[in-house]
Amino acid sequence: MKNRKGIRFVLLPLALTICLYIVFYSRIACKPSDAGFWFIFALGMSVGIALFRFIQWLNTKKDEQ
């Protein structure tokens, strides 16, 4: 896999998950037995991954200067 640098690739998973959340908002229920619960869980995970990748991107950008 290529080592892609740039803010676009850092925020891509978060943007995709937020778009899916907006599209399926009316169908999401927060019960653990429903698929909506797992979708909200995936949204939280994508926020965490985006934050982690953003911090890594800032560190690599700082090292390059």
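**Exercise 1. At which residue does α1 bend, and by about how many degrees?**

Solution.
Step 1. This is a predicted model, and its chain has two helices and zero strands.
Step 2. Helix α1 has 17 residues. From first C-alpha to last, α1 reaches 24 Å, close to the expected 24 Å.
Step 3. The bend in α1 is found at proline 13 and comes to about 35°.
Step 4. Proline 13 also appears in the contacts of helix α2: arginine 53 touches Pro13, and serine 46 is in contact with Pro13.

**Exercise 2. Find the buried residues of each helix and state what they pack against.**

Solution.
Step 1. In α1 the buried residues are Val10, Leu14 and Thr17. They pack against α2.
Step 2. Helix α2 covers residues 35–64, which makes 30 residues. Its reach from first C-alpha to last is 43 Å, close to the 44 Å expected.
Step 3. Gly36, Leu43, Ser46, Ala50 and Trp57 are the buried residues of α2. They pack against α1, residues 7–23.
Step 4. For the chain as a whole, 15% of the 65 residues are buried.

**Exercise 3. Is serine 46 buried or exposed, and which side chain does it join by a polar contact?**

Solution.
Step 1. Serine 46 is found in helix α2. Its relative accessible area is 7%. Buried means under 20%, so serine 46 counts as buried.
Step 2. The partner is threonine 17, whose side chain is joined to that of serine 46 by a polar contact of 3.5 Å.
Step 3. Threonine 17 lies in helix α1. With a relative accessible area of 15%, threonine 17 is buried.
Step 4. Leaving aside neighbours within four places in sequence, serine 46 is in contact with Pro13, Leu14 and Thr17. With residues up to four places away not counted, threonine 17 touches Phe39, Ala42, Leu43 and Ser46.

**Exercise 4. Classify arginine 53 by its accessible area, then list its contacts.**

Solution.
Step 1. Arginine 53 is found in helix α2. Its relative accessible area is 30%.
Step 2. The partly exposed class runs between the 20% and 50% cut-offs, so arginine 53 is partly exposed.
Step 3. Not counting residues up to four places away in sequence, arginine 53 touches Phe9, Val10 and Pro13.
Step 4. The C-alpha atoms of arginine 53 and valine 10 are 5.6 Å apart, although 43 residues separate the two along the chain. Valine 10 is one of the buried residues of α1.

**Exercise 5. Where is phenylalanine 24 found, and how far is its C-alpha from that of phenylalanine 39?**

Solution.
Step 1. Phenylalanine 24 is found in the loop between α1 and α2.
Step 2. At a relative accessible area of 36%, phenylalanine 24 is partly exposed.
Step 3. The C-alpha atoms of phenylalanine 24 and phenylalanine 39 are 9.6 Å apart, with a sequence separation of 15 residues.
Step 4. Phenylalanine 39 is among the residues that threonine 17 touches.

**Exercise 6. Describe the contacts and the surface of the whole chain.**

Solution.
Step 1. Take the contacts with a separation of 6 or more: 57% of them are between residues 24 or more positions apart.
Step 2. One contact from the earlier exercises with such a separation is that of arginine 53 with Val10, as these residues are 43 apart along the chain.
Step 3. The accessible surface of the chain is about 5,500 Å². Carbon and sulfur atoms account for 68% of that surface.

Definitions and conventions. Residues numbered from 1 in each chain as written. Predicted model: local features only at pLDDT ≥ 70, side-chain atom pairs only at ≥ 80, totals over all residues. Heavy atoms only, no water. Helix = DSSP H or I, 4+ residues; strand = E, 2+ residues; numbered from the N terminus. Expected span 1.5 Å × (residues − 1). Buried < 20%, exposed > 50% of the residue type's maximum accessible area, 1.4 Å probe, protein only. Contact = heavy atoms within 4.5 Å. Bend = angle between axes of the 7 residues up to and from the residue. Areas by Shrake-Rupley, 256 points an atom, 1.4 Å probe, with all protein chains shown as cover. Polar contact = N/O pair within 3.5 Å; in protein donor to acceptor, adjacent residues only side chain to side chain.
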